[in-house]
Amino acid sequence: MKKIFVALMAVGTLLTACDKNQKEPRWESNEGVQLSEAERRTVLIEEYTGQDCVNCPTAAGVLHKLEEEFPKNVIVVAMHSAHSGMARDLENAEATRLAKHYALPSAVPMMMMSRMPFSDNKNFNSDYLQWPNSIRKLINTPKLADIVLGKPEYNEAEDKLSLSIELKPAPTLSDEQVGLVAWLVEDVVAGQKLLNGKTKEDYQHHNVLRKVLSGGEALVVKSESKTTLTATGLKASLKDIKNAKVVVFIHKLKGGDEVLAAGLVTLGSGNKPKPNPEPNPNPNPQPDGKPELRDGLSFYLAETDFNSDYSLKFVRLIKQADSGYEFKFTEKPEKDGSEYQIGMPNVFIHPGKNAPAGQYQIKVEKVSHKGDASVGLFSVCVLGQCNSAKNPESYEQEINVQPADKLAAELVQIHYKVPANNPPADGTEYKTKVTISDMSGKEVAHCFVTFVFKKPTE
């Protein structure tokens, strides 16, 4: 059974140590983009998401930045599939069909990138820390074709669309048979659950898949191939046709389903929804003065004002030499059957700094109430993926930290359980410790987080 958690958020960040000959850490992306805009490939991103997925807004923000950076080379389509159990009124049958066809895990956020394999040879990926570099790398390959879309002709009385499509392939693609797909997408204002457990009713959902206009008809690509798309019955799939767009792409029919080229044209004339608040509006937040860096990792912890969604106020630097700093939070938990589920704070990777790339070990453990099986760890979310804590006393997991380009991404979040049929007294404290160690077992950072129980009013 899926559980919804009330989350309080403390934000921490990981910084690499300064080299003795390096005065200040410097961020460097793994993948540059050297080709000109006209030479680059246009990448189709199928973003599997859900309105009840609290981590999906952060992942969507990652993709939104890439669209802004490469407006002609990145096309994102939001896929609300029933297979995740997170979709609500934006659920789409084609998104569900494709999720089953490609055997996508039910976890979201999940992404396919022109249906190309990632480094693990899977054509889907849930680690949005990896997404920017993977997408930049694919953009930085010579394009295989141009898709030139004409001005859409829409007859509102007949609810009929006509759109001219011209394909201009590279010589290597000429005479190849491809599948031509056209989708109707829409910018939609609808509810979205956030990390704080609350639903933002006016969330701006971007390029949501609404209707299949052309389902992969075979087309032999010549030096210049032209066709006309005709479709009817658009309004029934949309909230407002003024915010609709058409995405057209071609894909291989043999040897995989690789998307070879893509294009987008705006159908309506309405206003584009405003972007959602950034997970961290400050691209390089720091306390006053330069942070002191030592061997290993350092944490920034932050207070979070949920009224402004994801705005973060960085307040304190924790040094490895410290015995540990403790943050206390008081919040009403949510009842789930015989238990209260407590959403503990998040630890975030610092944006705009060197990420400490490599293998690490995360450990979360009870400090207080040891040996009491009725309270303790329920689940732990690491890099956006949640796993049940089989042992309420402690949880350990290896992680592969990837460099991230100016991205504040959550590293770990703790969910704690206490009995609901015999609840503790108000003010009862539950203390946990988060430790990060290198693979030799040497601790490089830790902090304490304590939840102060406040019984909900039944």
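**Notebook: strand β1 and the α1/α3 contact**

I began with strand β1 and found both of its faces covered, since V43, I45, E47 and T49 on one side and L44, E46 and Y48 on the other are all buried. I note at once that this is a predicted model, and I read each entry below with that in mind.

I recalled that in a regular strand the side chains alternate between the two faces of the sheet. I then checked the whole of β1, residues 43-49, where seven of the seven residues are buried, so the strand is largely enclosed by the rest of the structure.

Next I looked for a pairing partner, and I found that β1 pairs with strand β2, residues 74-80, in the parallel sense over seven bridges. Following E47 across to β2, I came to A78 as its bridge partner.

I turned to the helices and looked up how α1 (residues 56-69) packs with α3 (residues 131-139): the angle is about 30 degrees and the axes are 10 Å apart. Angles under 35 degrees count as roughly parallel, and α1 and α3 are therefore roughly parallel to each other. I also noted that their crossing is right-handed.

Which residues of α1 and α3 meet? I listed A59, V62, L63, L66 and E69 from α1, which meet W131, P132, I135 and R136 from α3. Sorted by class, this contact has seven nonpolar, no polar and two charged residues.

Last, I looked at the chain as a whole, which has three helices and 23 strands. Of its 458 residues, 54% count as buried. Among contacts with a separation of 6 or more, 75% are between residues 24 or more positions apart.

Methods: Residues numbered from 1 in each chain as written. Predicted model: local features only at pLDDT ≥ 70, side-chain atom pairs only at ≥ 80, totals over all residues. Heavy atoms only, no water. Axes fitted to C-alpha atoms, helices over the stretch in contact; angles between N-to-C directions. Helix = DSSP H or I, 4+ residues; strand = E, 2+ residues; numbered from the N terminus. Parallel < 35°, antiparallel > 145°, perpendicular 65-115°, else oblique. Left-handed = near helix turned anticlockwise from the far one by under 90°. Contact = heavy atoms within 4.5 Å. Nonpolar A, V, L, I, M, F, W, Y, C, P; charged D, E, K, R; others polar. Buried < 20%, exposed > 50% of the residue type's maximum accessible area, 1.4 Å probe, protein only. Pairing = 2+ DSSP bridges.
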